[in-house]
Each structure stands twice: as C-alpha cells, then as structure tokens.
Amino acid sequence: MDDHLGLSSQQQATLPVGAIAEERNVPRVNDLVICVATSNGTGSISANLVLARSILQMGVPIGTKNLFPSNIQGLPTWFTIRVNEQGWVANRRDVDLFVAMNRESVFEDLAGLRPGTLVVLNAELADALQRDDLIVYTVPFTQLVGDVCPEPKLRRLVVNMIYVGVVAVVLGIELEEVEAAIEKQFAQKPKAIELNKSAARAGAQWAREHIPPQDFVRIERRNLTTNKIFVEGNTASAAGLMFGGIQVFAWYPITPSSSLAEALTDLMATWRRDPVTGKATYAIIQAEDELAAMGMVVGAGWAGARAATATSGPGISLMAELAGLSYFTEIPAVIIDVQRVGPSTGLPTRTSQGDMLKAYHLSHGDCKHVLLIPANPKEAFEFSMTALDLAQRLQTLVFVMSDLDLGMNYWLSDPLEPPTQPLDRGKVLTAEELDQITEFARYRDVDGDAIPYRTLPGTRHPRAPFFTQGAGHDDRAKRSEKPEDWAGNLERLARKHETARTLVPESLVELATKPTRVGVIAYGTSDLPTREALARLATAHEWHADYLRLRALPATAKTVEFIEQHDRVYLVEQNRDAQVAAILRAEHPHIASRIRSILHFNGQPLDAATVIEQLLTLEESEEEQP
Amino acid sequence: MSTQQPAPTRSPATNRIGYEQNVYKGATSTLCAGCGHDSITAQLVRALWECNVDPYGIAKMSGIGCSSKTTAYFASLSHGFNGVHGRAAAIATGSFVANRKLLHVAVSGDGDTASIGLGNFLHMVRRNVPIVYVIENNGVYGLTKGQFSATADKGSTLKDGLRNDLEPVDCCALAIEMGCEYVARSFSGDVKQLVALLKGAIAHRGTAVIDVVSPCVTFNNHEGSTKSLKFAREHEEPLHEIGFVPYYEEIRVDYEPGTVQEIILHDGSRLVLKKLGNDYDPTSREAALVLLEQARREKHFITGLIYRAPEPSPAFDEQLELVETPLAHLPDEFLRPNPEVVEQLNQLWR
C-alpha cells in the first residue's frame with residue numbers, strides 16, 4: 001500500500017517493515033491486516049464493523065482505522081482491520097488481504113500492493129488489474145447481490161455484506177460469528193438482519209465453491225478478548241462526561257468531535273433524566289459558534305455548574321479569548337479537543353497531535369492550562385471525569401487532548417470501571433461557612449496551594465458577592481491596576497499550576513528487560529505503536545529502552561526524573577514542531593539537551609515502523625558522535 | 001430607670017420583601033460625569049427595588065465597554081460578571097441554564113450587541129433565554145475614545161468630522177425578527193418611561209430587549225451626532241405613556257378608559273400603556289416592524305414598548321425540559337448514574 005498511506009515511493013523503498021516481517025510463504029496465524037476500499041456513503045461501515053466484530057468474537061485482538069475523506073458521498077474510503085494476537089493492533093502500513101470495491105481508487109490501490117497480497121476484487125473492476133504478482137479472487141458481486149436482494153435500491157448496501165462472507169471463508173473466520181455480529185450490528189433494525197445474513201452466506205458459499213484454500217494468513221480462535229469492549233473514543237469520552245456529573249455541555253459541530261456530542265446526547269437522554277419527573281438534570285446546547293459554546297461553558301461554570309465543550313483545532317482557536325478569561329477569573333471549564341490536522345482547514349478527517357502547544361498556552365498573555373492526554377477509550381472515559389473534577393478543584397480550564405484516531409475509530413479496550421470517588425466540588429463557600437469566617441477574599445491564597453475559595457451567585461450572604469472581571473483585580477476581586485496586584489496574581493496563578501502538577505494523572509513507566517541509559521516517551525495514541533516498536537526493537541535488534549507514557553501536562557515530577565535518569569530520551573509526537581518537547585524544554589531547561597524527537601505528521605495514525613525507522617537513524621547518529 | 005420613649009425616626013421606605021432601595025445600589029460609578037449610562041443604572045436600581053427582586057438573586061452580566069462597567073454600580077449583594085467583549089449573551093445563556101432561579105440582567109453596549117457580539121445576541125433571542133437585556137446605545141465606542149459603532153446613524157459625524165455612510169443596525173428590529181417577545185426602546189433621560197419598561201422586562205418570562213439611547217457626553221454629544229442629548233430630546237416620539245402595575249396592586253384609576261391598553265405579564269402584573277395620539281398596538285409583530293421602518297425613514301426616534309407577544313412561547317429552560325432545582329444545586333445522586341450503568345454500557349459495547 002502506498003498512496004492512501006501518504007507515503008512516497010522513496011519512503012516506501014526505505015521501509016524496514018519488510019526486514020522485520022516474517023517471510024511471506026510461512027503461514028501466519030492471527031497476524032494480518034485487512035483493508036477494504038469502498039466509496040463513502042455506500043453503507044460499508046456496517047459491513048466492516050461486522051467483519052471486525054466476528055474476529056473479536058473469535059477471541060482475537062483487532063484494531064480498526066477508518067480512513068475517510070472530508071466528503072459525504074462518493075469519494076474513496078478505506079477501512080483497515082489489523083489482527084494481532086500479541087495485541088499490537090495500531091496502524092501498520094502493509095496489507096495482507098485487500099478488498100477492492102471502489103472504481104475510483106482501484107488502479108492506485110492495486111498498484112500499491114506488496115507482491116503476494118491476497119485481493120478480493122469486484123469483477124466489475126477486473127480491468128484495473130495490471131499485474132500478475134497478486135493472488136486475486138475475482139468475485140461477481142453484482143450477480144451475487146442480485147440473487148440475494150430482490151430490492152434494487154438495497155443492493156448497494158447489501159453487496160458489502162457479501163465481501164464479508166468471502167473474506168470470512170478466505171481467512172477462516174467462523175460464519176456463526178459473522179451471523180452473531182450481524183445480529184448485534186443491526187439490533188435496532190431487525191428487518192435488516194435476515195437480508196444481511198443471507199448476503200454473508202451467499203458470499204461464503206461462492207467463496208467455498210470458487211476459492212481454493214490459501215495458507216498465507218489465517219485467523220484462528222483464541223481467548224484473548226474476554227471482557228474487552230469495542231468502542232469509539234468519543235463515545236467513551238461522552239460516557240465519562242456523564243459519570244463526571246456534567247450539567248451543561250455546549251458545542252458547535254466540527255469533525256472529529258461532533259460524534260462525541262451526539263453520543264453524549266443519546267447517553268444523557270437515557271441515564272440522566274430525573275426518574276420521577278422525566279426532566280433533564282443537564283443542558284446540552286448546540287451553539288451558534290465556538291465562541292458562544294465556550295461562553296456558555298464559562299457562564300455555566302461561574303454559576304456553579306460542571307460544564308464542558310468538545311471541539312477540534314479550529315474551535316480552540318476561536319475559544320482562545322474565553323480560555324484566558326477562564327484562566328484569569330478562575331472559572332472551572334473543560335474542553336475536549338479531538339485533534340485533527342491543521343493549520344487552517346487542514347485535513348479535517350485525519351489525525352494529529354498538533355494542538356498540544358497551542359492548547360497548553362491557549363489565549364493571550366501569560367497563560368498555562370492543564371492538559372490530560374488519554375491513549376485509549378478507558379482513559380478517554382476516566383479523563384473526562386478527572387477533567388471535570390480537576391476543573392472544580394483547581395478553578396481553571398482543563399483540556400482533554402484526544403485525537404481523531406482515538407475519537408472516531410473503534411478500539412478494543414479494557415472495560416470501563418465505575419468511579420470510586422464522589423464528585424469533587426472544589427473550594428466553594430456556602431452562606432453557613434461564610435458566617436464562620438471574618439473575611440472572604442475571592443482571590444486570596446488561604447491554604448498555601450494557591451487555590452482560592454469562591455462563592456456561587458445566589459448565595460444569600462452579604463459577604464458572598466464579588467465582581468468577576470477579566471480586568472486586573474486584587475485578591476478581593478476589586479478592580480486594580482496596581483503593579484503589585486497584577487504581578488502577585490500572576491505569580492499565584494503560576495503556583496496554582498504547580499499544584500496542578502501534583503494532581504494530574506501520573507505518567508506510566510515500563511522498564512526495559514535490560515538496563516539501559518535510553519528512554520522513550522510517548523503520549524496519547526502514540527502509545528500503542530511506540531510500545532510495539534520497542535517490543536520489536538528488543539527482539540529483532542537487541543535494542544532496549546525504558547518507556548514512559550505521559551498522561552498529562554504540566555509534567556509530573558516523575559516524568560522529569562525519568563528524563564533526568566536517562567542519557568537521552570526520544571519523545572514521540574504526531575506533530576511537526578515537537579510541541580511537547582518544546583514545553584518540557586522550556587519548563588525544565590536542565591533536561592532540555594537530553595530530549596530527541598520522533599515526529600510523524602502526515603495525517604495517518606502513527607505506526608511502529610515509523611518509530612523504529614527514526615529511532616534507528618537517530619541512534620546511528622548518536623554512535624557516530626563521540 | 002428611664003421611661004422615655006425613643007425619639008420617633010422616619011424609617012426609609014422598604015419594598016414588599018423588606019429592603020430599602022439603597023440595598024439595590026452598587027459601587028460608585030467611574031463613568032464620565034453626566035453619562036447617560038448612570039441614569040439607566042439609577043432606573044435599574046429603582047426597577048429592581050420596586051419589583052421586589054431578591055437582592056441576592058440577581059446575576060449581573062456584561063461584556064466589555066463603558067456600558068459593561070455599570071454592572072458594578074447596582075445590586076451589590078449579587079454576583080456580577082464582566083466577561084469578554086461581545087460574549088455577555090453567550091455567558092449569560094450558560095449561567096442561566098446553570099441556575100435558572102437567578103434573575104439574569106445583562107447590560108451591554110452597541111459595540112457588544114450590534115457588532116462583535118451580534119451573532120450571539122441574536123441566537124440568545126432565538127432561544128428565548130430569560131434575560132433582561134439592556135443595550136446602552138450611544139452609537140460610539142467610548143472606551144476606545146470615540147469610533148463609530150454599528151448603530152451610528154447614516155450621516156452622523158464624529159467629533160473630528162468623519163461621517164458615517166453605513167446604515168445603522170437596529171437591534172430592536174433584529175430582536176423582533178428573531179422572535180423576541182418583549183422589545184422596547186427608550187431614552188436614558190426619560191426616567192418615568194424607562195423605569196416602567198425595565199419593570200415590564202423584569203416581569204417578562206423570556207428574553208426582554210430594551211434598547212436605550214444613552215448619549216455619550218464625551219465622544220458623541222455634538223451637533224453632528226444623532227445620539228446626542230439634544231438630538232434625542234428633539235426627535236423622541238413616545239408611543240405611549242407607560243405605567244407598570246405589579247400583580248398585587250389595583251390598576252390606578254387615573255387612566256381614562258378607552259385610552260388605556262393593559263398588557264398582562266407572566267406573573268400576573270400588568271403594563272399599562274396610555275396612548276398618546278396614535279393608536280399603536282404593541283402586540284402585532286408586523287406593525288412593530290413597520291413602525292421601526294417608518295421611524296428610520298423619518299429619522300424619528302420611537303420610544304416605548306414596541307412589541308410584546310400576545311402569547312408567550314416557552315422560555316429556554318422549558319425548551320430544555322430542565323428539572324425544577326437549578327442544575328448548579330443538584331446533589332451528586334442526580335448527576336451520576338448508578339455504578340451498574342457502567343456495566344450495562346460495557347455489555348452494550350462488547
């Protein structure tokens with residue numbers, strides 16, 4: 001595969017993947033990549049999820065990547081399923097079984113395949129086959145769908161389930177599991193179940209009759225997915241907001257965060273209505289723009305609600321002014337940034353970690369925010385809750401830095417766990433508590449953690465009210481332009497950020513099996529491909545490194561120590577400018593020179609080969625230097 | 001032993017919930033002496049007092065600009081929020097859904113409402129968020145020292161002679177277009193009319209927009225300005241004489257039958273409009289828009305209650321079907337589903 005992976009032929013030629021991969025003629029079990037090329041808007045996603053689920057139900061781990069265009073109908077789309085019983089299911093560049101259903105991309109698709117790739121080719125596209133080094137099964141899909149689906153209108157949808165049946169036979173996926181997956185997929189549309197089952201059966205039947213057994217790749221039943229869930233990160237984030245006690249959620253539609261808001265709307269309607277009155281214990285508002293969405297979040301936070309928005313890069317640009325207001329007036333707020341490729345419109349349907357630096361300092365003036373960085377659906381769930389709590393505790397804006405890869409793809413994940421702590425309401429003084437103190441100063445550091453106390457509007461006490469303003473203020477919230485008030489406030493806010501450093505989710509460390517002076521750091525969706533790369537480097541190259549996964553900014557003491565304890569540390573990021581490296585270097589200059597960067601920013605989810613390739617090159621240049 | 005009676009003292013007037021008018025005052029204004037905004041603040045203080053509003057239960061919202069500073073100058077027992085330029089409407093919307101029991105009063109200027117925040121203003125109106133939304137309209141950016149605002153009339157000039165050739169934005173007409181159900185225009189110097197309109201707005205359930213021409217004494221009070229004191233006084237054309245009658249008071253008898261129109265507000269109180277000359281019916285949306293268009297053409301400055309919907313629509317909190325208790329006051333058990341729901345979701349996603 002080349003084109004849809006965005007790799008030039010030159011890059012392809014230098015791939016170390018081939019070197020590391022096993023010989024092609026040895027049968028491989030539960031280690032393969034399936035890629036289905038269709039055009040978007042044809043309903044292929046249901047078929048692809050059925051295919052994915054049937055493998056999962058056989059107990060074999062998978063990862064899926066849906067590569068789709070910024071378009072509603074008719075452009076090429078690729079759905080990739082990586083099957084790997086070690087659990088290495090991040091993106092992989094090469095494909096073992098390719099399903100070619102799309103006229104528009106078929107010439108380039110076929111030209112880019114590795115020799116020996118299995119191809120399920122729609123007979124109508126047979127003219128596109130211009131090479132003889134592929135193992136091609138030409139399937140008369142049009143004829144088969146005509147037999148199972150008398151309704152011409154539905155054929156375009158149903159044809160997809162036929163390739164599921166074909167692929168099942170080619171790879172050894174049990175047909176009972178395909179049928180069970182169809183039942184699950186169409187649980188809400190019982191009428192579609194039988195039709196789709198017969199389509200899958202027809203594909204399987206044809207394959208049994210026409211395709212000779214192959215011994216290149218196979219899927220065999222295992223017991224490795226028990227208890228796991230298969231869910232999109234955005235859905236898990238939404239569930240986290242619900243369990244985090246969200247009260248006001250304001251949003252403006254933007255790919256790739258819209259599905260988070262839509263999932264939240266569904267979940268809240270089911271679980272967060274008052275069981276007695278049926279009324280809503282929350283407000284979800286589709287705003288007129290991101291400025292308004294963030295304005296509503298800040299207004300709601302001021303009035304005492306747990307409030308959040310979800311957006312992507314262009315959205316945070318628009319929210320920047322209000323982000324500074326939240327920071328400076330110390331109003332709790334949460335932004336879930338499902339990052340996509342920027343700048344500008346960029347690649348709206350491609351993934352990136354390109355908002356890290358912008359989010360960390362979002363707004364004008366001296367501004368630093370707390371960033372939580374989930375790497376999988378379970379953490380997307382947990383960090384939504386944590387963000388809502390931390391925003392209250394710290395009285396500030398907290399970001400959850402998700403990305404398109406996590407948000408919009410289905411991930412195999414450990415199951416969600418119920419929260420163990422009650423909701424954190426932060427330092428809010430009630431009228432009764434105000435009675436017991438002699439003075440309330442909104443912005444005074446009473447406890448030494450730089451977090452002040454606040455009161456909520458409507459508190460019936462003469463000492464409760466204060467005037468919230470983005471303009472300079474003293475510790476009693478009175479307007480002030482005095483140098484000492486301004487500087488004092490900014491210094492306290494900086495100290496509050498240090499408090500945040502002790503409260504954010506801790507980094508996770510995985511030590512190498514052998515002692516090493518080299519460390520590797522990754523965050524978010526770079527975690528899985530980076531760990532895969534390290535595992536492969538250890539086995540194939542006898543190269544070992546300790547690994548740390550960064551889960552939040554500001555970086556914890558443990559993170560800084562990890563860098564201090566290694567001669568050099570490779571920081572893996574999905575952006576061009578080494579954004580988190582820049583933050584770490586600026587805040588911890590003494591470790592600046594130890595950090596090296598591994599960068600990936602072509603819009604594709606990161607793959608282990610990229611990490612390996614860059615690591616080996618950088619390590620070589622280390623060795624050349626004295 | 002003393003048998004002396006304490007000397008009789010004149011107790012200051014209190015409203016029905018026992019507060020003096022002073023309680024509704026705020027910090028001392030730092031605006032220019034004679035600023036129309038201060039006069040509006042004074043009427044707001046009076047209206048809140050006379051409407052027996054809980055002095056702790058007001059949410060004072062504003063954006064950025066001279067007008068926005070005034071939220072510090074009234075209701076000092078309540079919280080105020082001087083946010084970001086143009087975003088008072090959005091911030092107030094969020095605050096309202098978080099605590100719908102607070103009386104939200106937003107004070108904005110023509111820069112906030114008609115320019116940078118026009119979109120947010122219109123969408124707040126569309127949603128019918130219950131807010132008393134006062135526009136202190138002087139046609140000029142005072143705080144940045146005298147640039148035209150979007151409400152500056154065509155042909156008006158700045159101090160330095162620069163002429164505005166653009167059509168003004170009419171916030172009242174736009175509000176009516178967006179479905180606002182209480183739209184009024186007044187003049188900061190018309191104390192009696194303004195207080196009645198403010199009281200009507202406080203009693204209204206839904207977005208109430210009051211556009212108050214408030215001459216800027218420093219940057220927009222010269223001959224070439226159509227929002228100067230002199231111009232306003234000479235061109236003001238009141239629609240009615242307005243009286244506000246709380247629901248528990250009798251209608252005063254001094255209104256002649258046949259010249260009086262009553263408007264019943266959601267809480268049962270009434271706005272009594274005494275017609276002056278014309279037979280304007282403020283319950284017709286079409287008539288209201290025609291009236292504003294005529295006034296624009298004739299360069300007349302119409303004041304009074306321009307539009308009030310005969311049948312109020314559901315306010316934003318009703319549209320959202322919010323629980324009775326303000327969201328911000330809900331205890332944990334309403335905010336977090338049972339732990340078993342986590343397992344149900346896991347099952348769903350297996």
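**Reading helices and an interface in a two-chain model**

Me: In α4(A), E104(A) and A111(A) are exposed, on the other side of the helix from its buried residues. Which residues of helix α4 (residues 103-111) of chain A are buried?

Reply: Bear in mind that this is a predicted model. In α4(A), the buried residues are S105(A), V106(A), D109(A) and L110(A). Buried here means under 20% relative accessible area, and exposed means over 50%.

Me: Why do the buried residues of α4(A) line one face of the helix?

Reply: Look down the axis. The buried residues of α4(A) fall within an arc of 130°, so one face of the helix is lined by them.

Me: What do the buried residues of α4(A) pack against?

Reply: They pack against strands of chain A: β2 (31-39), β4 (76-84), β5 (97-100) and β6 (118-122).

Me: How many residues of helix α9 (residues 233-243) of chain A are buried?

Reply: In α9(A), 11 of its 11 residues are buried, so the helix counts as mostly covered. The buried set runs from G233(A) through N234(A), T235(A), A236(A), S237(A), A238(A), A239(A), G240(A), L241(A) and M242(A) to F243(A). After α9(A) comes G245(A), with a positive phi near 80°.

Me: What describes two packed helices?

Reply: The angle between their axes and the distance between the axes. In chain A, helix α5 (residues 141-148) and helix α6 (residues 152-171) pack at about 110°, and their axes are 9 Å apart. Angles of 65 to 115 degrees count as roughly perpendicular, and α5(A) and α6(A) are therefore roughly perpendicular to each other.

Me: Which residues of α5(A) and α6(A) meet?

Reply: From α5(A) come F141(A), L144(A), V145(A), G146(A) and V148(A). They meet R155(A), V158(A), V159(A), I162(A) and Y163(A) of α6(A). By class, this contact has 8 nonpolar, 1 polar and 1 charged residues.

Me: How many residues does the contact take from chain B and from chain A?

Reply: Chain B gives 56 residues and chain A gives 73 residues. About 5300 Å² is buried between the two chains, 64% of it on carbon and sulfur atoms. On the chain B side, H79(B), R336(B) and W349(B) lose the most area to chain A, together 17% of what that side buries.

Me: How many helices and strands are there in chain B?

Reply: Chain B has 12 helices and 13 strands. Of its 350 residues, 57% are buried. Among contacts in chain B between residues at least 6 apart in sequence, 70% join residues at least 24 apart.

Notes:
Residues are numbered from 1 along each chain as its sequence is written. Chains are lettered from A and ligands numbered from 1 in the order in which they are written. This is a predicted model: local features need pLDDT of at least 70, side-chain atom pairs count only at pLDDT 80 or more; totals for chains, interfaces and linings use all residues. Side-chain values use heavy atoms; hydrogens and water are left out. Axes are lines fitted to C-alpha atoms, for helices over the stretch in contact, and angles run from 0 to 180 degrees between N-to-C directions. Helices (H or I, at least four residues) and strands (E, at least two) are DSSP runs, numbered from the N terminus. Angles under 35 degrees count as roughly parallel, over 145 as roughly antiparallel, 65 to 115 as roughly perpendicular and the rest as oblique. Contact means heavy atoms within 4.5 Å. Ala, Val, Leu, Ile, Met, Phe, Trp, Tyr, Cys and Pro count as nonpolar, Asp, Glu, Lys and Arg as charged, and the others, Gly among them, as polar. Buried means under 20% relative accessible area, exposed over 50%, partly exposed in between (1.4 Å probe, protein chains only). The arc is that of the directions from the helix axis to the C-beta atoms. Buried area is the accessible area (1.4 Å probe) that two parts lose on being put together, summed over both.
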